[in-house]
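Visitor: I should like to learn how the features of a protein model are read. Please take me through them one at a time.

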Amino acid sequence: MFTGIIEEVGSIRKMARQGMAMELTIACRKVLEGVQLGDSIAVNGVCLTVTRFAEDHFTADVMPETMKRTNLGSLSVGSPVNLERALAAGQRLGGHFVQGHVDGVGTITDRTPYENAVLFRISVPTELTRFMVEKGSVAVNGISLTLVDVGKDFFTVSVIPHTLTHTQLHAAKVGDPVNIECDMIGKYIAKMLGKTKENEGLTLEILRQNGFA
């Protein structure tokens with residue numbers, strides 16, 4: 001479990017592809033403090049397991065399902081990545097509960113300065129926006145952000161200067177793919193109410209009435 005508060009921006013040092021899988025080596029410092037083999041570190045919002053590490057990098061395996069679901073395979077050596085260690089018991093929860101299980105990949109379609117912030121518009125598959133609500137939470141490349149507007153196939157988030165400076169978003173451009181994880185509360189409610197086509201209309205109406213769609 002993570003919080004979506006990025007601790008460090010690392011960079012990809014090596015990508016060793018093995019068919020549909022990959023071994024990923026990431027240069028970093030802060031997230032290695034107290035690290036042990038088997039620990040979880042979120043990389044652009046993707047929960048990965050540390051398999052090897054040294055004082056300035058760690059290595060993790062990326063399985064085919066993760067390659068298919070996330071933007072990790074589209075990155076290259078030198079790409080900046082958001083990093084966060086797993087939430088420790090008793091730690092302040094500054095963002096929201098983030099599992100590190102990416103729901104899909106969105107695309108940045110607009111980046112507009114707005115006073116002291118930058119407004120990002122991100123297109124996503126329509127099946128993801130049903131779990132989003134204005135002023136709710138979403139994780140973008142592992143960053144806990146507040147939804148400003150939600151459409152059928154897009155959403156917007158406003159990013160303050162501190163977040164922009166201390167995350168990978170400072171280098172993000174229009175056209176870039178980003179990992180999206182919806183708030184798990186909305187996903188669990190939809191699951192409990194049923195997701196069959198026969199129940200789809202009723203489920204969406206109940207979600208709307210309760211502020212989740």
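Guide: Let us begin with a residue in a loop of this predicted model. Thr70 sits in the loop between H1 and E6.

Visitor: Is Thr70 buried or exposed?

Guide: The reading rests on relative accessible area, and a residue under 20% is called buried. Thr70 has a value of 10%, so Thr70 is buried.

Visitor: Which residues does Thr70 contact, once its neighbours within four places in sequence are left aside?

Guide: Thr70 is in contact with Val46, Val102, Val105 and Asn179. For one of these residues, Val102, the separation can be stated in two ways: Thr70 and Val102 are 32 residues apart in sequence, and their C-alpha atoms are 6.6 Å apart in space.

Visitor: Where is Met67 placed, and how may its surroundings be described?

Guide: Met67 belongs to helix H1, which spans residues 64–69. With a relative accessibility of 15%, Met67 counts as buried. Not counting residues up to four places away in sequence, Met67 touches Arg17, Met20, Ala21, Met22, Val62 and Gly73. Met22 lies 45 residues from Met67 in sequence, with 8.0 Å between the two C-alpha atoms.

Visitor: How should charged side chains be read, and how many salt bridges does a search of the whole structure find?

Guide: Side chains of opposite charge can pair when their charged atoms come close. A search of the whole structure finds seven salt bridges. One of the pairs lies within helix H1: Lys68 and Glu65 are three residues apart there, about one turn of the helix. The closest N and O atoms of this salt bridge are 3.4 Å apart.

Visitor: What are the accessibilities of Lys68 and Glu65?

Guide: Lys68 has a relative accessible area of 63% and is therefore exposed. Glu65, at 36%, counts as partly exposed. The two residues also belong to a network of salt bridges that links Glu65, Lys68 and Arg69.

Visitor: Which parts of the chain does the salt bridge between Arg85 and Glu7 tie together?

Guide: The side chains of Arg85 and Glu7 meet at 2.6 Å, N to O. Arg85 lies in strand E6, whereas Glu7 lies in the segment before strand E1 (8–18), so this pair ties together parts that are 78 residues apart in sequence. Arg85 counts as partly exposed at 24% relative accessibility, and Glu7 counts as partly exposed at 27%.

Visitor: What may be said of the salt bridge between Asp176 and Lys173?

Guide: In this salt bridge the N to O distance is 3.8 Å. Asp176 is buried, with a relative accessible area of 18%, while Lys173, at 52% relative accessibility, counts as exposed.

Visitor: How is a nonpolar core to be read, and which residues of the largest one touch the most other members?

Guide: A nonpolar core is read as a set of buried nonpolar residues joined through their side-chain atoms. The largest such core here has 24 residues, of which Phe120, Val138, Phe155 and Ile180 touch the most other members. Two or more residues of this core come from each of strand E8 (117–123), strand E9 (137–140), strand E10 (143–150), strand E11 (154–159) and strand E12 (177–182). Another core lies apart from it and has 23 residues, including Met15, Val43, Leu48 and Ala60.

Visitor: Which residues make the nonpolar patch on the surface?

Guide: Met1, Leu93 and Phe97 make a nonpolar surface patch of about 260 Å². Phe97 is located in the loop between strand E6 (80–85) and strand E7 (104–114). Its relative accessibility is 39%, so Phe97 counts as partly exposed.

Visitor: Which residues does UniProt list for the domain annotation, and how may the listed ranges be described?

Guide: An annotation is read as a statement from a record. The unreviewed UniProt entry lists residues 1–96 and 97–193 for "domain: Lumazine-binding". The annotation "repeat: Lumazine-binding" in the unreviewed UniProt entry also covers residues 1–96 and 97–193. In the model, the chain over residues 1–96 is 6% helix and 45% strand, with its end C-alpha atoms 10 Å apart. Over residues 97–193 the chain is 20% helix and 43% strand, and there the end C-alpha atoms are 21 Å apart.

How values were computed
Residues numbered from 1 in each chain as written. Predicted model: local features only at pLDDT ≥ 70, side-chain atom pairs only at ≥ 80, totals over all residues. Heavy atoms only, no water. Patch = residues over 30% accessible without salt bridge, like charges linked within 9 Å, V, L, I, M, F, W, Y side chains within 5 Å. Areas by Shrake-Rupley, 256 points an atom, 1.4 Å probe, with all protein chains shown as cover. Salt bridge = Lys/Arg side-chain N within 4 Å of Asp/Glu carboxyl O. Helix = DSSP H or I, 4+ residues; strand = E, 2+ residues; numbered from the N terminus. Buried < 20%, exposed > 50% of the residue type's maximum accessible area, 1.4 Å probe, protein only. UniProt positions renumbered as here; feature names shortened; annotations may be inferred. Contact = heavy atoms within 4.5 Å. Core = buried A, V, L, I, M, F, W, Y, C linked by side-chain atoms within 4.5 Å.
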